[in-house]
Every structure is written in structure tokens, then in C-alpha cells.
Amino acid sequence: MGAAALSIDGAEEAPEERVGRLIQENPAVIFSRRGCCMSHVMKRLLAAVGAHPAAIELEEADEEKAAAAAGGGGLPILFVGGVAVGGLEGLVGLHLRDHLVPILREAGALRS
């Protein structure tokens, strides 16, 4: 699945509203910088367990606004079922504790 560019400036929605809407509309979504290698690893790990999250690559000017709207953490950040999982470290931690697949299943993020 290709990444969608998110342009916040000039949009009718405020950055917080747009990020919040994307988090609620997608069972799994990753916000990252364009070309982020950690985001790539996150997508590969999720694909390996059967999930294909929406991937939103932010323009440089939008990074701070979206990161703040997404909970103030850094990028990349993964949301599953509307809840922030965190970055690569949080994702790998869930996977190593065997919590990742159940969380993805509960959110409806796994493809059959």
C-alpha cells in the first residue's frame, strides 16, 4: 500500500481535526516523515502479521503540527483502534510480548 501525503496548510480542517479524523477512520495508521526508514520497518512488521495500515507521510511543514495533534510524541507514530501505540520501539515491544496480533484483530486491522 502506498503512502498518502497529508497537506495540512490550506485545508479546511484544522491540523488537529484532520489527524484525529484519520486516526478514527483507520483501524491502523502510521504518521511519519517522508522517506522515514523506521516507518518502513513498521510497515514491514505489520504486513508480516497480516495488517496493512494507512501510511501518512507528512510534508516537512506539517510534521510539528501533526505530531502535536497526534499526542505530542515524535514521528513515526502508530495508532491502532484510535489508540497511540508509539513508534517502532512500542510496536516491536507489543510484538515481542505477543500482544500485537490481538490488538490488531480487536481493531479490525487484520485482513483475512
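# Worked exercises on a predicted model

Buried residues make up 38% of the 112 residues in the protein chain, and the coordinates used throughout these exercises belong to a predicted model.

**Exercise 1. Describe the overall make-up of the protein chain: how many helices and strands are there, and in what order do the elements run?**

Solution. Begin with the count, which for the protein chain comes to five helices and five strands. Next, read the elements from the N terminus on, which gives the order β-α-β-α-β-α-β-β-α-α. Then turn to the contacts with a separation of 6 or more, of which 70% are accounted for by residues 24 or more positions apart. Finally, consider the surface: the protein chain exposes about 6100 Å², and carbon and sulfur atoms supply 51% of that area.

**Exercise 2. Determine how helix H2 and helix H4 are placed relative to each other, and which residues meet where they touch.**

Solution. Two packed helices are described by the angle between their axes and the distance between the axes. For helix H2 (residues 37-48) and helix H4 (residues 88-96), the axes come within 10 Å and cross at roughly 20 degrees. Angles under 35 degrees count as roughly parallel, and H2 and H4 are therefore roughly parallel to each other. The handedness is a separate step, and the crossing of H2 and H4 is left-handed. For the contact itself, H2 contributes Met38, Val41, Met42, Leu45 and Leu46, which meet Leu88, Leu91, Val92 and His95 in H4. Sorted by class, this contact of H2 with H4 has eight nonpolar residues, one polar residue and no charged residues.

**Exercise 3. Decide whether Leu46 is buried or exposed, and list its contacts beyond the neighbours within four places in sequence.**

Solution. First locate the residue: Leu46 has its place in helix H2. Its relative accessible area is 0%, and since buried means under 20%, Leu46 is therefore buried. Leaving aside neighbours within four places in sequence, Leu46 is in contact with Ile30, Ala51, Pro53, Leu78, Leu91, Leu100 and Leu104. As a last step, compare sequence with space for one further pair: Leu46 and Ala109 are 63 residues apart along the chain, while their C-alpha atoms are separated by 9.6 Å.

**Exercise 4. Carry out a similar analysis for Val85: in which strand does Val85 lie, and with which residues is Val85 in contact?**

Solution. Val85 lies in strand S5, which covers residues 83-86. When neighbours within four places in sequence are left aside, the contacts of Val85 are Leu78, Phe79, Val80, Gly90, Leu91 and Leu94. For a distance along the chain, take Val85 and Ile103, which are 18 residues apart, with a C-alpha separation of 10.0 Å.

**Exercise 5. Examine the backbone at Pro76 and Asp98, and state where each residue is found.**

Solution. Pro76 is found in the loop between helix H3 (63-69) and strand S4 (77-80), and the peptide bond that joins Leu75 and Pro76 is cis, with omega about 0 degrees. Asp98 is found in the loop between H4 and helix H5 (100-107), and its phi is near 60 degrees, a positive value in a residue other than glycine. With a relative accessible area of 62%, Asp98 is exposed, because exposed means over 50%.

**Exercise 6. Classify Gln24 as buried or exposed, and relate Gln24 to Val80 in sequence and in space.**

Solution. Gln24 is found in helix H1 (residues 15-25). At 59% relative accessibility, Gln24 counts as exposed. Gln24 and Val80 are 56 residues apart in sequence, and from C-alpha to C-alpha they are 9.2 Å apart in space.

How values were computed. Residues numbered from 1 in each chain as written. Predicted model: local features only at pLDDT ≥ 70, side-chain atom pairs only at ≥ 80, totals over all residues. Heavy atoms only, no water. Axes fitted to C-alpha atoms, helices over the stretch in contact; angles between N-to-C directions. Helix = DSSP H or I, 4+ residues; strand = E, 2+ residues; numbered from the N terminus. Parallel < 35°, antiparallel > 145°, perpendicular 65-115°, else oblique. Left-handed = near helix turned anticlockwise from the far one by under 90°. Contact = heavy atoms within 4.5 Å. Nonpolar A, V, L, I, M, F, W, Y, C, P; charged D, E, K, R; others polar. Buried < 20%, exposed > 50% of the residue type's maximum accessible area, 1.4 Å probe, protein only. Areas by Shrake-Rupley, 256 points an atom, 1.4 Å probe, with all protein chains shown as cover.
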